[in-house]
Amino acid sequence: LPVDHAGYEMNPFKRFRLVVVQATLALCAAAAAAAYFASGPILAEGLVLGGLAAVIAFWSMARRLEKFAAMTPDAITLSAYRWTGIRLILYALVLYRAYTLDTDRYYGLLGAVIGIFIHKAVLIFVGATGLDLKREMK
């Protein structure tokens, strides 16, 4: 169970965010290492790019969600549209960069898409299993 610097348990949003980010980074690193040895550095670099973009986009979205509670409905709508646009631009830039790694076989692009979907799979898994939920103290 993640704890803050003072040793107190974190709030559920922060705990969920940290568990998802840690699991995504670990799985993307393992997948990139496997891809490097199986297919070469281009697929591995695409996986790292896609995984990092997904983590950055998720982190910013999760931080904004924590701040929505204190906002007015109009401000929430504006903020949601703005950050959705920023997240989509980030994904577009990463996918384009991954595409330029290998324009013949698209291994970089494939790796980036896999990296993004690894994050989505982790997000669903953690949410469905409750892996981030507070465990009972013994």
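Arg15 is buried in the predicted model, with a relative accessible area of 7%. The residue lies in helix α1. Its C-alpha atom is separated from that of Asp132 by 6.3 Å. Along the chain, Arg15 and Asp132 are 117 residues apart.

The overall architecture is helical. The secondary structure comprises 4 helices and 0 strands. Read along the sequence, the pattern is α-α-α-α. Helix α1 covers residues 12–38, and helix α2 covers residues 41–68. Helix α3 runs over residues 73–101, and helix α4 over residues 107–129. The protein has 138 residues, of which 30% are buried. Contacts between residues at least 6 apart in sequence were also examined; 70% of these join residues at least 24 apart. The exposed area of the protein is about 8,800 Å². Carbon and sulfur atoms supply 69% of that area.

His119 is a second buried residue, at 1% relative accessibility. This value falls under the 20% cut-off, so His119 counts as buried. The residue is found in helix α4. Its side chain is joined to that of Thr24 by a polar contact of 3.3 Å. Residues up to four places away in sequence aside, His119 touches Val20, Thr24, Ala54 and Phe58. Thr24 thus appears both as a polar partner and in the list of touching residues.

Two salt bridges were then considered. The structure holds 2 such pairs. In general, side chains of opposite charge can pair when their charged atoms come close. One bridge is formed by Glu45 and Arg97, with the closest N and O atoms 4.0 Å apart. Glu45 lies in helix α2 and Arg97 in helix α3, so the bridge ties together parts that are 52 residues apart in sequence. Glu45 is partly exposed, with a relative accessible area of 36%. Arg97 is also partly exposed, at 42%.

The other bridge joins the side chains of Arg105 and Asp102, at 3.7 Å from N to O. Its partners fall into separate accessibility classes. Arg105 counts as exposed, because its relative accessibility is 52% and the cut-off for exposure is over 50%. Asp102 counts as buried, at 9%.

Aromatic side chains were examined next. A search of the whole structure finds 4 aromatic pairs. Tyr36 and Phe37 form one of these, in an edge-to-face arrangement. Their ring centres are 5.5 Å apart, and the planes meet at 85°. Tyr36 counts as partly exposed, at 46% relative accessibility. Phe37 is exposed, with a relative accessible area of 71%.

Tyr96 and Tyr99 form another pair, and this one is tilted. The centre-to-centre distance is 6.4 Å, with 35° between the planes. Both residues belong to helix α3. Being 3 residues apart there, Tyr96 and Tyr99 are separated by about one helical turn. Tyr96 counts as exposed, at 55% relative accessibility. Tyr99 is partly exposed, with a relative accessible area of 31%. Ring pairs extend this arrangement to Tyr106, linking Tyr96, Tyr99 and Tyr106 into a cluster.

The surface also carries a nonpolar patch. Leu25, Val48, Leu52 and Ile56 make up this patch, which has an area of about 320 Å². Helix α2 gives the most to the patch, with 3 residues. Leu25 has its place in helix α1. At 37% relative accessibility, Leu25 counts as partly exposed. Patch residues must have over 30% relative accessible area, so Leu25 at 37% meets that requirement.

Several of these features bear on helix α1. Arg15 lies in this helix, as does Leu25 of the nonpolar patch. Helix α2 is represented by Glu45 of the interhelical salt bridge and by its 3 residues in the nonpolar patch. Helix α3 holds Arg97 of that bridge, together with Tyr96 and Tyr99 of the tilted pair. Helix α4 contains His119, whose side chain makes the polar contact with Thr24.

Note on methods
Residues are numbered from 1 along each chain as its sequence is written. This is a predicted model: local features need pLDDT of at least 70, side-chain atom pairs count only at pLDDT 80 or more; totals for chains, interfaces and linings use all residues. Side-chain values use heavy atoms; hydrogens and water are left out. Patches are made of residues with over 30% relative accessible area and no salt bridge: like charges are joined within 9 Å, nonpolar side chains (Val, Leu, Ile, Met, Phe, Trp, Tyr) within 5 Å. Accessible areas come from the Shrake-Rupley method with a 1.4 Å probe; for residues, only the protein chains shown count as cover. Helices (H or I, at least four residues) and strands (E, at least two) are DSSP runs, numbered from the N terminus. Buried means under 20% relative accessible area, exposed over 50%, partly exposed in between (1.4 Å probe, protein chains only). A polar contact is a pair of N or O atoms within 3.5 Å; within protein, one must be able to donate a hydrogen and the other to accept it, and residues adjacent in sequence count only if both atoms are side-chain atoms. Contact means heavy atoms within 4.5 Å. Rings of Phe, Tyr and Trp (its six-membered ring) pair if their centres lie within 6.5 Å; planes under 30 degrees apart count as stacked, over 60 as edge-to-face and the rest as tilted.
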